[in-house]
Structures are given as C-alpha cells and as structure tokens.
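Morning, everyone. I'd like to walk you through one structure today, so let's get it up on the screen.

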Amino acid sequence: MLSQETRDIIKSTVPVLETHGTAITTRFYQLLFESHPELLNIFNKMNQRKGDQQTALANAVYAAAAHIDHLEDIIPAVKQISNKHRALGILPEHYPIVGENLLKAIKEVLGDAATDEIIDAWAQAYGVIADAFISVEQEMYREAETQRGGWRGFRPFVVQRRVAESEVISSFYLVPQDGKEIADFLPGQYLTFKVDIPGEKYTQRRHYSLSDAPGQGYYRISVKREDGRGDIPAGVVSSYLHNHLNEGDVLYVSAPSGDFVMKKPADKPVVFLSGGVGMTPLVSMVKTLLQEQPGHPVTYVHAAIHGGLHALQEDLNTLAEANPNLRYHVVYEKPSDQDKTHKYFSKEGFIDLDWLKQVVSADSDFYFCGPTPFMKAMYRALKDWGVPDNQIHFEFFGPQGSLTD
Ligand code: FAD
Ligand code: HEM
C-alpha cells in the first residue's frame with residue numbers, strides 16, 4: 001500500500017516525466033539491453049528503431065502512475081498489454097529488471113531534479129504497477145494452459161499446407177506436432193511465434209492473426225512478405241516464412257491471445273473495413289459471424305492497391321455467394337482493366353466518408369485493421385461521421401499507437 005505522500009509525489013511528477021517520456025524510455029532500452037542482452041531474444045528491435053515501442057511503454061507507465069489511486073480503472077488497458085506479454089512469454093522475474101533500468105533512466109534524464117524522495121516514490125509505484133501486471137498475466141497463463149487443448153509456453157506445430165493467396169501473402173495451415181487437441185480461439189485473436197533464423201543472432205518473436213474461423217482442427221495464418229525497398233532491408237520473419245518455410249516444417253507457437261474480438265451477439269449491423277493484410281482477423285470474424293448469426297446485416301469492404309495484392313479472395317467470394325445479407329465491396333487504388341471486372345469491384349481510389357455514407361449506416365459496429373495510414377483515415381472518417389467510440393473497434397499490427405496524430 002502506497003502512503004499518501006508517495007501518491008502525491010507520483011501524481012505531481014507524472015507531467016514532468018511525460019515531458020521527457022520518450023527520452024527516458026529510449027535511454028531505458030539502451031540500459032536494459034546493455035545489462036541484459038539476452039532480452040533481445042524477446043523484444044523486436046524493429047519496434048524500437050521506429051520509436052513505437054518507446055512511446056507505447058512510456059504512455060502505459062504514465063497512464064498507470066496517473067491512476068495510481070485507482071489502478072482498477074486501467075485494467076482494460078493492462079489486459080491489452082498483458083495479452084501481448086503472455087503471448088510473448090514475459091515472466092514475473094522480468095519485472096524487477098525492467099524496474100531497475102527504468103529508474104536508472106529516470107535518474108539520468110532528470111539529473112538533479114530526480115531527488116532521492118522522487119526516485120523512491122517511483123520505485124514503490126513501479127512495484128505496485130508491476131504487481132498488477134504480474135497478477136493479470138499469471139491468470140492469463142493459467143487460462144491458456146487449463147483450457148481444453150491449451151498449453152503454456154511455445155508448442156511445436158507442423159506446417160500442413162501452404163497456399164499462395166496473392167503476390168505477397170501466403171497462408172500457412174498449422175497442426176500440432178503432438179497430434180493432440182488445439183485450443184479454441186475467438187475470431188480476431190492472434191498466435192505468437194518464436195522463430196530461430198539461421199544467421200540471426202537472436203530469437204525473433206512475432207504475432208500473426210488467425211485468418212480462418214475457429215473449430216477447424218488447424219490454425220491458419222496469412223502472412224505478408226515484407227520486401228526490402230531501396231536501403232530498407234526486408235522484414236526478417238515474414239521473409240523467412242515465405243522463403244524457407246515449407247510443408248512439414250515446424251514452428252513454435254504460443255496459445256491464441258488478444259482482446260480484439262467481436263461483441264457477441266451482434267445487435268447492430270456490422271461493418272468490416274480492411275486494408276491489405278489487415279484483412280486476416282476480419283476474415284475470421286466475418287466467417288464466424290455469418291455462421292453464428294446467419295441473416296445478420298453485414299458489410300465487408302476490402303481495400304487493396306490492385307487485384308494482384310488482394311488475398312483470401314476465395315474465402316470472401318464464397319461467403320458473399322452463400323449469404324445474400326453480406327454486402328461485399330472491393331476498392332482498388334490502382335485497378336487494372338481486369339480488376340474492374342471483379343464481381344464485387346465497387347470503387348477506384350480509397351475508401352472515403354462520402355462513399356461510406358452511401359454503402360453503410362453510421363448506426364453500425366465498425367471493425368477495421370490495415371496499415372497505419374489506412375487506420376488513421378478510417379478512424380477520422382468514422383469520428384467525422386459522429387460514430388461513437390463504443391462502435392469503433394480496431395487492431396494495430398504493431399505496438400498500440402495513436403490514430404489521431
Ligand atoms: P521486421 O524485421 O520486424 O521489420 C518490420 C518492417 O520494417 C518491415 O517492413 C521491414 O522491411 C522494415 N524495416 C526493416 N529495417 C528497416 C529500417 N532500417 N528502416 C525502416 N524500416 C525497416 N502480419 C501479417 O502479415 N499478417 C497478420 O495476420 C498479422 N497479424 C498481426 C497481428 C498483431 C496483433 C500484430 C501486432 C502484428 C501482426 N502482423 C501481421 C505483423 C507481424 O507481426 C510482423 O510485424 C510483420 O510480419 C513484419 O515482421 P518482419 O519480421 O517480417 O519484419
Ligand atoms: C510490449 C508496457 C513490463 C516486454 C509492451 C507494450 C506496452 C508495455 C504498452 C506495447 C503493447 C502493444 O504492443 O500494444 C509495459 C509496462 C510494464 C512492462 C507498463 C511494466 C509495468 C515488461 C517486462 C517485459 C516486457 C517486464 C520483459 C522483459 C515487452 C515486450 C513487448 C512489450 C517484449 C513487445 C514489444 C515488441 O513488440 O517487441 N509493454 N511492459 N514488458 N513488453 Fe512490456
């Protein structure tokens with residue numbers, strides 16, 4: 001239990017730390033990896049290079065500190081992060097290491113302004129915040145392990161089948177090597193993979209959304225190959241999966257995780273908006289929704305640059321043929337003449353608010369996922385239209401970021 005004095009110090013210093021937020025977390029990661037290079041087997045270096053991870057961690061620590069009197073208010077945010085932590089295999093013994101280096105970074109960046117009193121207050125507050133994360137995560141480990149077909153840690157899965165879905169996206173169908181049952185999942189959830197790649201010094205961990213409906217006896221993921229461009233190197237794991245992973249090969253997978261899931265049962269019309277490979281969780285959702293609530297009004301809009309990059313076409317065409325209540329629209333930025341003959345081709349260019357107003361109602365539940373510029377455009381359009389936040393649901397294919405900057 002923190003004393004009132006400690007709480008007061010924390011609350012009065014949150015704004016100061018926020019001003020230096022990214023400087024502190026950038027220094028924190030340097031210190032963390034100098035003292036514990038083995039943690040590079042867990043963290044994705046690329047997320048730090050882009051700064052997304054620093055911002056996400058800083059925001060989470062300060063949000064928690066600002067709510068130190070009522071940590072229960074931020075449990076939904078803790079759960080979103082803890083889902084990722086659990087999937088990645090973060091353990092209670094990791095927390096003191098992070099705490100120690102965070103405090104060192106705060107001291108270094110604030111200099112003389114960081115009195116012993118302030119540092120001591122933050123050490124205590126970090127302890128309370130860490131305990132909240134640890135207890136949520138321990139419960140998540142228990143649930144993942146004790147559910148039917150569940151497991152703890154990373155379980156070997158065999159690639160049963162791989163299917164090219166577009167010029168850059170391939171699906172991998174995975175079955176457990178032990179031949180036993182697999183855990184059920186909620187559409188929208190993801191699997192996390194631990195991959196050792198020849199030539200890479202550290203183990204890589206990445207998340208991939210489950211792209212098929214649950215209950216099939218296999219897990220399907222659909223991965224976009226992130227090619228290099230000019231000086232920018234190709235994505236490490238996606239290239240490895242595309243270039244080296246064949247039927248019969250083994251991948252290490254942690255049990256399904258994530259809180260991007262559908263409201264059940266759907267009570268309003270449901271609108272799915274996907275950009276590029278962001279379609280994976282939404283295809284799982286739309287398939288399941290139409291199985292569980294056939295006849296429910298559903299609109300699926302997929303945006304791609306052109307038809308050659310449009311994946312999972314067979315899944316969506318089959319659904320649209322079988323469900324007259326599913327309105328399916330395809331939007332291509334730069335369609336070829338042949339792309340314009342796609343049965344569901346609806347628009348050339350981008351999804352914009354004027355067009356959305358013609359094809360869906362604002363009184364719907366919206367689910368979207370895609371590249372960050374796409375997500376920002378969808379969010380802005382829905383907000384401009386007056387859609388309330390509780391009808392807007394989305395997933396980032398990276399650290400949670402902001403859709404408003
Ligand atoms: P990384 O090596 O991590 O690199 C990331 C990107 O940065 C690449 O595009 C790379 O070309 C670029 N890059 C490399 N070096 C530099 C540099 N020096 N400067 C600038 N840029 C650089 N992906 C899917 O394909 N399908 C999914 O269903 C899916 N679901 C996801 C679900 C969740 C919840 C999350 C968080 C992510 C999901 N992702 C999905 C994304 C996936 O986890 C990986 O981030 C993605 O495959 C890229 O990983 P990588 O190892 O190939 O690239
Ligand atoms: C991801 C916060 C402790 C390892 C994240 C994210 C946040 C966060 C906000 C981004 C979530 C997202 O992707 O949307 C915190 C807070 C902590 C804490 C507030 C302490 C109270 C830890 C510890 C470890 C850890 C102890 C292990 C050493 C990671 C990793 C990721 C992550 C590996 C994913 C980053 C990546 O993509 O590589 N954390 N975290 N975190 N966290 Fe933590």
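To start: how far is a nitrogen atom of ligand 1 from a polar backbone atom of Ser209? The distance is 3.1 Å. Before I go on, please keep in mind that this is a predicted model.

So, staying with ligand 1. Two side chains also make polar contacts with this ligand. For Ser238, an N or O atom of the side chain sits 2.6 Å from an oxygen atom of ligand 1. For Glu226, the distance between a side-chain N or O atom and an oxygen atom of ligand 1 is 3.4 Å. And how much of ligand 1 does the protein bury? Taken alone, ligand 1 exposes 980 Å², and 87% of that is buried by the protein.

Which elements give two or more residues to the shell around this ligand? They are α3 (45-49), β4 (204-209), β5 (219-224) and α8 (236-244). Strand β4 gives the most, with four residues. The whole shell has 28 residues, and the closest are His207, Tyr208, Val237, Ser238 and Thr280. Sorted by class, the shell of ligand 1 comes out as twelve nonpolar, eight polar and eight charged residues.

Okay, over to ligand 2. Here 23 residues are around the ligand, and those that come nearest are Asn44, Asn47, Lys84, His85 and Gln400. By class, the shell of ligand 2 holds 15 nonpolar, seven polar and one charged residues. For the elements, look at the helices: α4 (52-66), α5 (75-88), α6 (94-110) and α7 (116-146) each supply at least two residues of this shell.

Ligand 2 has an iron atom, so let me ask: which protein residue is the donor to the iron? The single donor from the protein is His85, through NE2, at 2.1 Å. His85 is part of helix α5.

Now the polar contacts of ligand 2. A backbone N or O atom of Asn44 is 2.7 Å from an oxygen atom of the ligand. For Lys84, a side-chain N or O atom lies 2.8 Å from an oxygen atom of ligand 2. For Gln80, the corresponding side-chain distance to an oxygen atom of ligand 2 is 3.4 Å.

Let's move to the strands, starting with β3. Why is β3, residues 190-195, largely enclosed by the rest of the structure? Five of its six residues are buried, so the strand is largely enclosed. As for its partners, β3 runs antiparallel to β4, and six bridges join the two. If you want a pair to click on, Val195 has Gln204 in β4 as its bridge partner. Strand β3 also runs antiparallel to β6 (residues 250-257), with four bridges between them. There, Thr192 has Ser254 in β6 as its bridge partner. And remember β4 from earlier: this is the strand that gives four residues to the shell around ligand 1.

A few single residues before I finish. Arg7 sits in helix α1 (residues 4-19). Is Arg7 buried or exposed? With a relative accessible area of 10%, Arg7 is buried. A polar atom of the Arg7 side chain lies 3.1 Å from the backbone oxygen of Leu2.

Next, Phe133, in helix α7. Phe133 is buried too, at 9% relative accessible area. Its C-alpha atom is 32 Å from that of Lys224, and the two residues are 91 apart along the chain.

Then there's Ala183, in the loop between β2 (169-176) and β3. Ala183 counts as buried, with 3% relative accessibility. The C-alpha atoms of Ala183 and Arg148 are separated by 5.8 Å, with their positions 35 residues apart along the chain.

Last, two bits of backbone geometry. Where is the cis peptide bond? Go from Lys264 to Pro265, where omega is near -10°. Pro265 belongs to the loop between β6 and β7 (270-275). The other one is Leu312, with phi near 50°, a positive value in a residue other than glycine. You'll find Leu312 in the loop between β8 (298-304) and α10 (313-322). Leu312 is buried, at 1% relative accessible area.

That's my tour. Happy to go back to any of these spots on the screen.

How values were computed. Residues are numbered from 1 along each chain as its sequence is written. Chains are lettered from A and ligands numbered from 1 in the order in which they are written. This is a predicted model: local features need pLDDT of at least 70, side-chain atom pairs count only at pLDDT 80 or more; totals for chains, interfaces and linings use all residues. Side-chain values use heavy atoms; hydrogens and water are left out. A residue is near a molecule or strand if one of its heavy atoms lies within 4 Å of it. A polar contact is a pair of N or O atoms within 3.5 Å; within protein, one must be able to donate a hydrogen and the other to accept it, and residues adjacent in sequence count only if both atoms are side-chain atoms. Accessible areas come from the Shrake-Rupley method with a 1.4 Å probe; for residues, only the protein chains shown count as cover. Ala, Val, Leu, Ile, Met, Phe, Trp, Tyr, Cys and Pro count as nonpolar, Asp, Glu, Lys and Arg as charged, and the others, Gly among them, as polar. Buried means under 20% relative accessible area, exposed over 50%, partly exposed in between (1.4 Å probe, protein chains only). Two strands pair if DSSP finds at least two bridges between them. Donors are N, O and S atoms within 2.8 Å of the metal (3.2 Å for Na, K and Ca); water is not among the atoms, so sites may look incomplete.
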